[in-house]
Amino acid sequence: MAHVVWTAGIEYVSGALCKCGKKGSHTHSKMLLATHRVAATTNPNCNRIYVRDEVERSTPVTSKELRKRIRFAAVAQAVTSRSKDLSKISQDQINFLAQRDAVGGKKTMRSYLWSLELASYDAEHPES
């Protein structure tokens, strides 16, 4: 969603201004995108506008891509169900807090659950 800050004129516009076309995913549709950033340079205000045309994939989906999509969907569903499972919430929270400040520890509960479910999926499906 676009973010607009109004002053005497328009100070800046940032975000997707128009997601043209509703078919398919956002990665393949037309889009009008504006970016704004404040940087410590000679000109601290940097505004850009990008127009992206609709993209058609030129190669077929490979079996490796399909396996990755299936893996992602399965792990995402497992994370969602685990985060709502009352029998696991308390222990998951305790384990999360114990590993959070360790080297290589996951900093959010969601990333921690993703790491658990991803390891579980990979153990059950060694061919992926």
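Helices here are DSSP runs of H or I of at least four residues, numbered from the N terminus.

**Figure 1. Confidence along the chain of the predicted model.** The mean pLDDT over the chain is 82, and 70% of the residues reach a score of at least 70. Among the elements, helix α1 has the highest mean pLDDT, at 96. Strand β1, residues 3–6, has the lowest, at 60.

**Figure 2. Close-up of D92 in helix α2.** Helix α2 spans residues 86–100 and includes D92. D92 counts as buried because its relative accessibility is 4%, and buried means under 20%. A polar contact of 2.8 Å links the side chain of D92 to that of R82. When neighbours within four places in sequence are left aside, the residues in contact with D92 are R82, M109, Y112, L113 and L116.

**Figure 3. Close-up of the largest nonpolar core.** Six residues form this core: V75, V79, F96, Y112, L113 and Y121. Helices α1 (63–84) and α3 (109–124) each contribute at least two of its residues. The largest share, three residues, is supplied by α3.

**Figure 4. Close-up of the surroundings of Y112.** Y112 is one of the residues of the largest nonpolar core. With residues up to four places away in sequence not counted, Y112 touches D92, N95, F96, Q99 and K106. Of these partners, F96 also belongs to the core, whereas D92 is the residue whose side chain makes the polar contact with R82.

Conventions. Residues are numbered from 1 along each chain as its sequence is written. This is a predicted model: local features need pLDDT of at least 70, side-chain atom pairs count only at pLDDT 80 or more; totals for chains, interfaces and linings use all residues. Side-chain values use heavy atoms; hydrogens and water are left out. Buried means under 20% relative accessible area, exposed over 50%, partly exposed in between (1.4 Å probe, protein chains only). A polar contact is a pair of N or O atoms within 3.5 Å; within protein, one must be able to donate a hydrogen and the other to accept it, and residues adjacent in sequence count only if both atoms are side-chain atoms. Contact means heavy atoms within 4.5 Å. A nonpolar core is a set of buried Ala, Val, Leu, Ile, Met, Phe, Trp, Tyr and Cys residues joined through side-chain atoms within 4.5 Å. pLDDT is the predictor's confidence in each residue, from 0 to 100.
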